[in-house]
Amino acid sequence: MKIGIIGAGHIGSALAGRLTRLGHTVYIANSRGPETLTDLAQKTGATPVTAAEAARHGELIVVTIPLKNIPDLPRDLFANVAADVPVIDTSNYYPLLRDGQIPELETGDLTESEWVQQHLGRPVVKAFNNILADHLAAPGQPAGTPGRVALPIAADDAAAKQQVSVLVEALGFDAVDGGSLRESWRQQPGGPIYCNDLPADQLRAHLTRLGTTRTEAQHAEYLANQAKQEQAMAAQGVKL
Ligand SMILES: NC(=O)c1ccc[n+]([C@@H]2O[C@H](COP(=O)([O-])OP(=O)(O)OC[C@H]3O[C@@H](n4cnc5c(N)ncnc54)[C@H](OP(=O)(O)O)[C@@H]3O)[C@@H](O)[C@H]2O)c1
């Protein structure tokens, strides 16, 4: 498959390396231009391009840039991309360390990926947001391995969700249906599914227990947990 990756940081480069090794042709872009990606190209076998070219070439596209930079992407980035090309969003909201406060995410009116979808003007599939980049860079495990890490995939388009599930499985993870994009709050930062490398049975149990409609209490709890996490990261000098 031809895969376009917009964002060449931790997640973009981890995915580029894994996907080229699986035999896919990967086009990768950052904000500074393809000429700054020669080292990454050598390491991963991906072809450096502009964001517009990554979108044009991709039979599947991954957008993996900081959430606050999503509105900087060109408005017409996906104008000529066929409707059946899945667009994966890996975003997470880090208001303290990186993104600043985004009103719709503070109120909970939108999930993080609904906010991204609104800015991109294009349906997205939420995936790979809840696994650390270095865990994604390592080879996964064959299907059937006890304790194999599972990743949730949330989207409104069943066909796109299915295509992304096939990719997740090929990368060595169990693909678990994370519900609709509206329901994707469950895999956001601050909750039990975020970056805990859970196997499928535990992941599904959390999804069931959490329910589908986010309550105000759940929203407040996730925000509070994430604030604590960000404060701890700040205290350790972590910069995003
Ligand atoms: N790091 C993780 O372990 C992890 C895990 C799961 C999910 N996530 C989420 O995935 C997203 C990406 O995270 P990351 O850690 O990979 O970020 P990162 O290491 O900071 O890399 C960000 C990349 O996005 C590019 N970029 C920024 N603005 C752009 C624009 N307008 N057009 C094109 N490219 C642009 C940057 O290019 P330049 O360097 O040229 O500016 C850089 O290559 C974030 O929402 C993050 O929260 C991260």
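**Exercises on a parallel sheet and a ligand shell**

Four bridges join E1 to E4, and these strands run parallel; strands are DSSP runs of E with at least two residues, numbered from the N terminus, and two strands pair if DSSP finds at least two bridges between them. The model is predicted, so that local features need pLDDT of at least 70 and side-chain atom pairs count only at pLDDT 80 or more, while totals for chains, interfaces and linings use all residues. Residues are numbered from 1 along each chain as its sequence is written.

**Exercise 1.** Determine the order of the six strands in the open sheet.

*Solution.* Begin with E1 (residues 2–6), which pairs in the parallel sense with E2 (residues 25–29) over five bridges, lysine 2 having threonine 25 as its bridge partner in E2. Turn next to E4, where leucine 60 is the bridge partner of isoleucine 3. E4 in turn pairs with E5 (residues 87–89) in the parallel sense over three bridges, and valine 62 stands opposite isoleucine 88 in E5. The complete order is E3-E2-E1-E4-E5-E6, with parallel pairing; E3 (47–48) and E6 (125–126) are the edge strands, each pairing on one side only.

**Exercise 2.** Decide whether the residues on the two faces of E4 (residues 60–63) are buried or exposed.

*Solution.* Apply the criterion first: a residue is buried if 20 or more other C-beta atoms lie within 10 Å of its own, exposed if 12 or fewer, and partly exposed in between, with C-beta atoms placed from the backbone. Leu60 and Val62 on one side, and Ile61 and Val63 on the other, are all buried, and both faces are therefore covered.
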